[in-house]
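Q: I would like to learn how to read the features of a protein model one at a time. Where should we begin?

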Amino acid sequence: MNVASISDCTGQTKIELQGTAVAHPLTPPDGFRFYRLGRTRALIAGKQPAPVVDDWLKGFAPRTVYSTDVTSVFADFLLIGPRARDILSKLTSLNVSEGALADGGCAQASLAHTHCIVLREDRGGLPAFHLLVARDYGVSVWEALLHAGEEFHLRPAAAGAGEAL
């Protein structure tokens, strides 16, 4: 029985936002989640195409928010399942416990010796983490995750299939 799965979600839209408007709470467009990376820096990620974000950004005053489509910059892996935290704990010193990184939270840390942005996005009551790493390191991080997850029966799954756990 699989107690964790990993999916390649690299094609998911990822837009970095910077500017004074980001310092205030923002409600992203439908289909996106908002992750604060710093006081005036954030990331929104979702399954909608980037033009949806462009339309949403038109509602901001000029020069209060700048956007950069970083979809092609990052490999994006979704690690989901009851043992997802155990697998991550083998590859990072980041505290991924329930109280430390709650659903909707994000953090930056080293994962398998590679800089990683960790986005928590629980699904169907299961802990789930989007792991964003530079594309150049995607294959090595994927392999490190599979190796670390062997004892927990980690298996690759098609994107969106993790909820079947």
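Q: What covers the buried residues of H1?

A: This is a predicted model. The cover over the buried residues of H1 includes E2, strand E3 (32-38), E4 and E5.

Q: Which residues of H1 are buried, and how are they placed around the axis?

A: An α-helix has 3.6 residues a turn, so residues three or four places apart point the same way. In H1 the buried residues are Ala50, Val53, Trp56 and Leu57. They span an arc of only 110° around the axis, which puts them on the same side of H1.

Q: Which residues of helix H2 are buried?

A: In H2 (residues 84-91) they include Ala84, Ile87, Leu88 and Leu91. Their arc around the axis is only 95°, which places them on the same side of H2. Cover for the buried residues of H2 comes from elements including strand E1 (4-8), strand E6 (74-80), strand E7 (106-111), strand E9 (128-134), H3 and E10.

Q: Back to the strands that cover H1. Why is strand E2 described as largely enclosed?

A: The general idea is to count buried residues along the strand. In E2 (residues 13-18), 5 of the 6 residues are buried, so the rest of the structure largely encloses this strand.

Q: In which sense does E2 pair with E4, and over how many bridges?

A: E2 and strand E4 (residues 41-46) pair in the antiparallel sense, over 6 bridges. To place the pairing on the sequence, take Gln18: its bridge partner in E4 is Arg41.

Q: And over how many bridges does E2 pair with E5?

A: There are 4 bridges between E2 and strand E5 (residues 66-69), and the sense is antiparallel. Here Leu17 can serve as the marker, with Ser67 as its bridge partner in E5.

Q: Which residues does Asp69 touch, leaving aside residues up to four places away in sequence?

A: Asp69 is in strand E5. Beyond residues up to four places away in sequence, Asp69 touches Lys14, Ile15 and Ala50. Ala50 is one of the buried residues of H1. Asp69 itself is partly exposed, with a relative accessible area of 42%. For a sense of distance, Asp69 and Gly124 are 55 residues apart in sequence and 28 Å apart in space, C-alpha to C-alpha.

Q: How many aromatic pairs does the structure hold?

A: A pair of aromatic rings is described by the distance of the centres and the angle of the planes. The structure holds 2 aromatic pairs. In one of them, Trp56 and Phe60, the ring centres are 5.1 Å apart and the planes stand at 80°, so the pair is edge-to-face.

Q: Is Trp56 buried or exposed, and what of Phe60?

A: The cut-off matters here, as buried means under 20% relative accessible area. Trp56 has 18% relative accessibility and therefore counts as buried. Phe60 has 21%, so this residue counts as partly exposed.

Q: Which loop residue after H1 has a positive phi although it is not a glycine?

A: Most residues other than glycine have a negative phi, and most peptide bonds are trans. Arg63 has a positive phi of about 65° although it is not a glycine. The residue lies in the loop between helix H1 (50-57) and E5. Arg63 counts as exposed, at 66% relative accessibility.

Q: Where does His153 lie?

A: His153 is in the loop between helix H3 (138-148) and strand E10 (154-156). Its phi is positive too, about 60°, although His153 is not a glycine. With a relative accessible area of 39%, His153 is partly exposed.

Q: To finish with the whole chain, how many helices and strands does the protein have?

A: The secondary structure comes to 3 helices and 10 strands. Along the sequence they follow the pattern β-β-β-β-α-β-β-α-β-β-β-α-β. The radius of gyration is 16 Å, close to the 15 Å that the globule rule gives for 165 residues, so the protein is as compact as a globular protein of that length. The C-alpha trace spans about 50 × 30 × 30 Å along its principal axes.

Q: What share of the residues counts as buried?

A: Of the 165 residues, 49% count as buried. The protein exposes about 8100 Å², and carbon and sulfur atoms supply 52% of that area. Among contacts with a separation of 6 or more, 65% are between residues 24 or more positions apart.

Terms used. Residues are numbered from 1 along each chain as its sequence is written. This is a predicted model: local features need pLDDT of at least 70, side-chain atom pairs count only at pLDDT 80 or more; totals for chains, interfaces and linings use all residues. Side-chain values use heavy atoms; hydrogens and water are left out. Buried means under 20% relative accessible area, exposed over 50%, partly exposed in between (1.4 Å probe, protein chains only). Helices (H or I, at least four residues) and strands (E, at least two) are DSSP runs, numbered from the N terminus. Two strands pair if DSSP finds at least two bridges between them. Rings of Phe, Tyr and Trp (its six-membered ring) pair if their centres lie within 6.5 Å; planes under 30 degrees apart count as stacked, over 60 as edge-to-face and the rest as tilted. The radius of gyration is taken over C-alpha atoms; the globule rule is 2.2 Å times the number of residues to the power 0.38. Contact means heavy atoms within 4.5 Å. Accessible areas come from the Shrake-Rupley method with a 1.4 Å probe; for residues, only the protein chains shown count as cover. The arc is that of the directions from the helix axis to the C-beta atoms.
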